[in-house]
Amino acid sequence: MTEMQKPTIGRFEINLNTIIQLVTLVGMIVGGLAIFINGQRDIDDLTSWRASHEELHKEAKAAREATIARFDERIKTLEETKIKRDSQIEALQNKTVALDQSLLSTNSILRDLSNKLNDVVTDSRVSKEILQRLEQRSRVR
C-alpha cells in the first residue's frame with residue numbers, strides 16, 4: 001500500500017483547473033455586470049420614452065379638447081344664428097300675410113270704386129241724354 005502524501009500548507013501551487021475556474025469566475029462577473037448595466041440602460045430608455053409618450057398624449061388630449069371647444073362654440077353660434085333667422089323668417093311671413101290681406105282689401109276697394117265710377121259714368125250719360133232732350137224740346141217750342 002502506498003501512503004498518501006500529506007498536503008503542504010505553505011506551498012502554493014496553481015494548476016490548470018484553478019486557472020480555468022478563475023477565468024470562468026471573472027467572465028461570469030464581467031458578463032453579469034454587462035447584463036446589469038445593459039438592463040439599467042434599457043430601463044432608463046423605457047422610462048424616458050414613457051415620459052415623452054405621456055407628454056405626447058397630454059398634448060394630443062389638449063389639442064382634442066381645444067378642437068371640441070371650438071366645435072362647441074361654432075355649434076352654439078350656428079344655433080343662435082338659426083334661432084335669429086327663424087324669428088326673421090317668421091316676422092317676414094307675418095308681414096307677407098299682412099301684405100296679402102292689405103292687397104285683398106285694396107283690390108276689393110278698387111273693385112268697389114270701379115263699380116261706382118261705372119255707375120257715375122252711366123248716370124252722367126243718362127243725365128246728358130236728359131239734358132239733350134230738354135234742350136231739343138226747348139228749341140222746338
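## Exercises on a one-helix chain

At 64% relative accessibility, Arg 139 counts as exposed. Keep that residue in mind; it comes back in Exercise 3. The model you're looking at is predicted.

**Exercise 1. Work out whether the protein chain is spread out or a compact globule.**

Step 1: start with the secondary structure. The protein chain comes to 1 helix and 0 strands.

Step 2: compare the radius of gyration with the globule rule. The chain's value is 59 Å, well over the 14 Å that the rule gives for 141 residues, so the chain is more spread out than a compact globule.

Step 3: look at the extents. Along its principal axes, the C-alpha trace spans about 205 × 25 × 20 Å.

Step 4: take a pair of residues. Asp 100 is found in helix α1, and its C-alpha atom is separated by 55 Å from that of Arg 137, 37 residues apart along the chain.

**Exercise 2. Find what share of the residues is buried, and what the exposed area is made of.**

Step 1: set the cut-off. A residue is buried when its relative accessible area is under 20%.

Step 2: apply it. Of the 141 residues, 0% count as buried.

Step 3: turn to the area. The protein chain exposes about 13,900 Å², and carbon and sulfur atoms supply 61% of that.

Step 4: check one residue. Asp 100 has 43% relative accessibility, so it counts as partly exposed.

**Exercise 3. Say how many salt bridges the structure holds, and go through some of them.**

Step 1: recall the idea. Side chains of opposite charge can pair when their charged atoms come close.

Step 2: fix the cut-off and count. A side-chain nitrogen of Lys or Arg has to be within 4 Å of a carboxyl oxygen of Asp or Glu. The structure holds 4 salt bridges.

Step 3: take Arg 139 again. Its partner is Glu 135, with the closest N and O atoms 3.4 Å apart. Because they sit 4 residues apart in helix α1, about one helical turn separates Arg 139 and Glu 135. Glu 135 is partly exposed at 45%.

Step 4: move to Arg 50, which pairs with Glu 54 at 3.3 Å between the closest N and O atoms. Both lie in helix α1, 4 residues apart, about one turn of the helix. Arg 50 is exposed at 54%, while Glu 54 is partly exposed at 40%.

Step 5: try Arg 41 and Asp 42. Their closest N and O atoms are 3.8 Å apart, and they form a salt bridge. Arg 41 is partly exposed at 46%, and Asp 42 is partly exposed at 36%.

**Exercise 4. Locate a negative patch and a nonpolar patch on the surface.**

Step 1: begin with the charge totals. The protein chain has 22 positive and 21 negative side chains, and the centres of the two sets lie 15 Å apart.

Step 2: find the negative patch. Asp 72, Glu 73, Glu 79 and Glu 80 gather there on the surface.

Step 3: check one member. Glu 80 lies in helix α1, which runs over residues 16–140. Patch residues need over 30% relative accessible area, and Glu 80 is partly exposed at 47%.

Step 4: find the nonpolar patch. Leu 22, Leu 25, Ile 29, Leu 33, Phe 36 and Ile 37 form it, with about 620 Å² of accessible area together. One of them, Leu 33, is found in helix α1.

Conventions
Residues numbered from 1 in each chain as written. Predicted model: local features only at pLDDT ≥ 70, side-chain atom pairs only at ≥ 80, totals over all residues. Heavy atoms only, no water. Patch = residues over 30% accessible without salt bridge, like charges linked within 9 Å, V, L, I, M, F, W, Y side chains within 5 Å. Areas by Shrake-Rupley, 256 points an atom, 1.4 Å probe, with all protein chains shown as cover. Lys, Arg positive; Asp, Glu negative; His and termini not counted. Charge placed at Lys NZ, Arg CZ, Asp CG, Glu CD. Helix = DSSP H or I, 4+ residues; strand = E, 2+ residues; numbered from the N terminus. Buried < 20%, exposed > 50% of the residue type's maximum accessible area, 1.4 Å probe, protein only. Rg over C-alpha atoms; globule rule 2.2 N^0.38 Å.
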